[in-house]
Amino acid sequence: MSEFKSDFLRTLSERGFIHQISDETGLDDLLCKETVTAYIGFDPTAPSLHAGGLIQIMMLHWLQQTGHRPVSLMGGGTGMVGDPSFKDEARQLMTPETIDANIAGIKKVFSNYLAYGEGPKDARMINNADWLLGINYLEFLRDVGRHFSVNRMLSFDSVKMRLEREQSLSFLEFNYMILQAYDFVELNKRHDVRLQMGGSDQWGNIVNGIDLGHRMGTPQLYALTSPLLTTASGAKMGKSLSGAVWLNPDMLSAYDFWQYWRNTEDADVPRFLKLYTTLPMDEIARLSALGGSEINEVKKILATEITAMLHGRDNAEQAAETARKTFEEGALAENLPSISLPKAELDAGIGLLALFVKAGLTASNGEARRHVQGGAVRINDQPVADDRMTVDAASLTPEGVVKLSLGKKKHVLVRPV
């Protein structure tokens, strides 16, 4: 590990964010001398980012905390093409309306991590559609395209992988790396951006931008990438058994988000405390040294700290308390996730398997049946052995709900309406 002089690189280094830097000494010196503007690009492929993107957001957070200016670049222009990096096949093309709606959804998350404004160290949210949508194609080919070597572009891992497979790479996608490189140059001209950050899979694209900047007369630009994260067992970050772990509260509740982190594998706890919380390093060292049954208490701290940054401290503590009541007291907590069911449907009776699918606890009747056979299904905390059971009004608790449980940690309340 290099000994960095700048607060930003020192913080990133000790917390495990750094995979590669294009010129360590040059960037470190620049960060010591002046307020540096840096950006990360986010593709608006969905109305929300998921937990896999949190490492990038935290890099921007630490950039601002150490006195520099973060830019969250929305790919409103490049989103119309789609990043082919390490994808097996072409992305589905999105309409401009979908892209705008997705950007509006993503914006809500960033303000929990960054302070936006017009001041010298305030974060900026910028959309590359501002310059990409107005490009004159012939001028762009002449002024920018001439600086790119197709031979070199074919050598990038992200392109080679696609060419070696059955799925071909379209010319549309091949343009993506040129557009991303051009973004870096435009951001330097318009906003004095000197550094681009991203995941390690973006290294080739970022270095392309540095090279284009050099040819087009920008000051020296820099690249910094973070490691691509998987969990200790090799699962992709931001994915759970029930799907993506979304950051927007309308797509995933604070409680479910808290639960995702509470279920962290033991081996990942120290690393996740460094990457995803702002706890001081000495406190992280103390927590990481705990073992045995105490590791579960540390996981609750991890889940609460991460949830507090995204959903607010009150919601995080409420999620922790809901979990405590549910698992430690066996009580029926009011703020468990819930679904509404027409009263007439409940009065008539609904099959147990169908109800578990409706509640989102299983993807299919077959999956629900397997869980019943495995002894993982409970109704109102009572084990269920009959997969043909019908749930009706007689199943309501004194609180007027039916509590569905899958294993020890997944619960949904059914409320008749």
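**View 1. Helix H6 gives the most to a nonpolar surface patch.** Helix H6 spans residues 137–143 and supplies three residues to the patch. The model shown here and in the views below is predicted. Tyr 137, Leu 138, Leu 141 and Phe 171 make up the patch. Its area is about 460 Å².

**View 2. Leu 138 in helix H6.** Leu 138, one of the patch residues, lies in helix H6. Is Leu 138 buried or exposed? Its relative accessibility is 63%, so Leu 138 counts as exposed; the cut-off for exposed is over 50%.

**View 3. Six strands form an open sheet.** The strand order is S1-S6-S5-S2-S3-S4, and the pairing is mixed. Strand S1 (20–21) and strand S4 (124–127) are the edge strands. Each of these two pairs on one side only. Strands of a sheet pair through backbone hydrogen bonds, in either a parallel or an antiparallel sense.

**View 4. The pairing of S3 with S4 is parallel.** Strand S3 covers residues 69–74. Four bridges join S3 to the edge strand S4. Which residue in S4 is the bridge partner of Leu 73? The partner is Ile 126.

**View 5. Helix H10 lies across five named strands: S2, S3, S4, S5 and S6.** Helix H10 runs from residue 176 to 191. The strands it crosses include S2 (37–42), S5 (193–199) and S6 (222–226). The angle between H10 and S5 is about 145°.

**View 6. Helix H11 packs on the sheet.** Helix H11 comprises residues 203–215. It touches S1, S5 and S6. The direction of H11 makes about 170° with that of S6.

How values were computed
Residues are numbered from 1 along each chain as its sequence is written. This is a predicted model: local features need pLDDT of at least 70, side-chain atom pairs count only at pLDDT 80 or more; totals for chains, interfaces and linings use all residues. Side-chain values use heavy atoms; hydrogens and water are left out. Patches are made of residues with over 30% relative accessible area and no salt bridge: like charges are joined within 9 Å, nonpolar side chains (Val, Leu, Ile, Met, Phe, Trp, Tyr) within 5 Å. Accessible areas come from the Shrake-Rupley method with a 1.4 Å probe; for residues, only the protein chains shown count as cover. A salt bridge is a side-chain nitrogen of Lys or Arg within 4 Å of a carboxyl oxygen of Asp or Glu. Buried means under 20% relative accessible area, exposed over 50%, partly exposed in between (1.4 Å probe, protein chains only). Two strands pair if DSSP finds at least two bridges between them. Contact means heavy atoms within 4.5 Å. Axes are lines fitted to C-alpha atoms, for helices over the stretch in contact, and angles run from 0 to 180 degrees between N-to-C directions.
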